[in-house]
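Student: Can we go through this one together? I'd like the interface, then a helix, then the charged pairs.

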2 protein chains.
Amino acid sequence: MSHAADIVTMSAAEYMREALKEAELAYQENEVPIGAVLVCDGKIIARNHNRKEATNDATSHAELLCIQEASKVLGTWHLGDCEIYTTVEPCAMCSGAIINARIERVTYAAPGIKFGTHLSVVNILDSKKFNHNVKVTGGLLEDESAALLKAFFQERR
Amino acid sequence: MSHAADIVTMSAAEYMREALKEAELAYQENEVPIGAVLVCDGKIIARNHNRKEATNDATSHAELLCIQEASKVLGTWHLGDCEIYTTVEPCAMCSGAIINARIERVTYAAPGIKFGTHLSVVNILDSKKFNHNVKVTGGLLEDESAALLKAFFQERR
């Protein structure tokens with residue numbers, strides 16, 4: 001059986017649905033509901049969600065945890081053949097980590113109005129000023145992600 | 001003995017010398033020589049250096065590792081009473097992590113010409129667009145840090 005035959009390619013929306021499942025896990029754990037999956041050669045090699053409160057660590061964002069896990073799985077810091085699907089526009093830390101890890105493409109769902117670093121606050125993610133150019137697509141399944149965030153914050157008011 | 005009596009306050013230059021010691025350790029480990037120390041109530045509670053190659057992880061920067069360690073030490077993600085000394089102007093990832101952790105003050109030595117996110121490439125670190133305002137001082141012991149970086153890259157040419 002060829003290597004190619006092993007690869008079950010999912011659509012972008014299917015990957016994002018997996019990221020949304022992670023966001024729902026965060027919600028259940030009383031964390032701001034953000035999830036991500038990291039894909040290499042069509043396969044999800046890392047998946048995680050925001051764990052900031054559980055770990056008492058402001059760096060425990062979904063995307064950063066996925067990058068750390070994927071680096072372990074692949075045994076390299078260079079994730080140039082990988083892409084990441086995240087339910088919210090990445091913050092400065094996560095955009096920076098995506099650039100540092102040379103991730104090829106980012107697809108996100110909802111805007112991160114107060115912290116997003118693609119279109120919302122500033123542009124880091126596909127800024128041409130850095131030494132790596134990430135391809136970015138926003139708005140995939142935006143409504144689902146935004147509804148989850150809205151429910152979470154309404155419940156806490 | 002009062003709590004205050006326990007605190008041996010070091011000067012900013014002394015903290016930076018400790019960060020430079022970490023940068024020298026990185027150099028010896030064939031890592032880009034960048035080091036950092038994280039200070040709370042006058043005491044160094046975390047210290048680390050760039051470990052990207054050793055860990056195969058692009059997120060293993062000195063500042064990020066210090067933030068993760070300090071969060072463990074203090075048992076909270078909120079490092080509002082802390083300051084960080086780093087030998088190079090932080091990258092986007094580290095500036096974002098500093099903002100996420102609500103660190104009060106950053107002091108750095110040399111500019112990060114290709115990746116720095118205070119004055120060099122873009123401004124994240126003390127941008128007023130985010131929900132936390134970090135106080136920043138650059139240039140402390142700049143020559144020592146720059147000399148270390150220069151020696152490292154010249155050796156590898």
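Tutor: What follows is a set of questions and answers on those topics.

Tutor: This is a predicted model, in which local features need pLDDT of at least 70 and side-chain atom pairs count only at pLDDT 80 or more, while totals for chains, interfaces and linings use all residues. Residues are numbered from 1 along each chain as its sequence is written, chains are lettered from A and ligands numbered from 1 in the order in which they are written, and side-chain values use heavy atoms, with hydrogens and water left out.

Student: OK. How many residues of chain B are in contact with chain A?

Tutor: On the chain B side there are 28, touching 28 residues of chain A. Contact here means heavy atoms within 4.5 Å.

Student: And how much area do the two bury between them?

Tutor: About 2400 Å², with 64% of it on carbon and sulfur atoms. Buried area is the accessible area (1.4 Å probe) that two parts lose on being put together, summed over both. Of the area that chain B buries against chain A, 22% comes from Asn56(B), Trp77(B) and Asn100(B), more than any other three residues supply.

Student: What is the count of salt bridges between chain B and chain A?

Tutor: Zero. A salt bridge is a side-chain nitrogen of Lys or Arg within 4 Å of a carboxyl oxygen of Asp or Glu. Polar contacts do link the two chains, with eight residue pairs, both residues at pLDDT 80 or more. A polar contact is a pair of N or O atoms within 3.5 Å; within protein, one must be able to donate a hydrogen and the other to accept it, and residues adjacent in sequence count only if both atoms are side-chain atoms.

Student: Which elements of chain B give two or more residues to that side?

Tutor: They are α3 (52-55), α4 (62-74) and α5 (92-100) of chain B. The most comes from α5(B), with five residues. Helices (H or I, at least four residues) and strands (E, at least two) are DSSP runs, numbered from the N terminus.

Student: What is the makeup of that side by class?

Tutor: It has 14 nonpolar, 10 polar and four charged residues. Ala, Val, Leu, Ile, Met, Phe, Trp, Tyr, Cys and Pro count as nonpolar, Asp, Glu, Lys and Arg as charged, and the others, Gly among them, as polar.

Student: Switching topic. How far does helix α2 of chain B reach?

Tutor: Helix α2(B) (residues 12-28) has 17 residues and reaches 25 Å from its first C-alpha to its last, close to the 24 Å expected at 1.5 Å a residue. The expected span is 1.5 Å times one less than the number of residues.

Student: What do the buried residues of α2(B) pack against?

Tutor: Against β1 (35-40), β2 (43-49), β3 (82-88), β4 (105-110) and α6 (142-155) of chain B. The buried residues of α2(B) include Met16(B), Leu20(B) and Tyr27(B). Buried means under 20% relative accessible area, exposed over 50%, partly exposed in between (1.4 Å probe, protein chains only). After the helix comes Asn30(B), with a positive phi near 60 degrees.

Student: Where does Leu141(B) lie?

Tutor: In the loop between β5 (135-137) and α6 of chain B. Its phi is near 55 degrees, a positive value in a residue other than glycine. Leu141(B) counts as buried because its relative accessibility is 16%. Beyond four places in sequence, Leu141(B) touches Ala13(B), Met16(B), Arg17(B), Leu20(B) and Ala109(B). Leu141(B) and Ala13(B) are 128 residues apart in sequence, yet 7.2 Å apart in space, C-alpha to C-alpha.

Student: Back to charges. How many salt bridges are there over all chains?

Tutor: The whole structure has 12. In one of them, Glu22(A) pairs with Arg47(A), the closest N and O atoms being 2.8 Å apart. Glu22(A) is in helix α2 and Arg47(A) in strand β2 (residues 43-49) of chain A, 25 residues apart.

Student: Are those two ends buried or exposed?

Tutor: Glu22(A) is buried at 7% relative accessible area, whereas Arg47(A) is partly exposed at 34%. Both belong to a salt-bridge network with Glu18(A) and Lys21(A).

Student: What about Glu104(B), what does it form a salt bridge with?

Tutor: With Lys135(B), the closest N and O atoms being 3.2 Å apart. Glu104(B) lies in the loop between α5 and β4 of chain B and Lys135(B) in strand β5 of chain B, so the pair ties together parts 31 residues apart in sequence.
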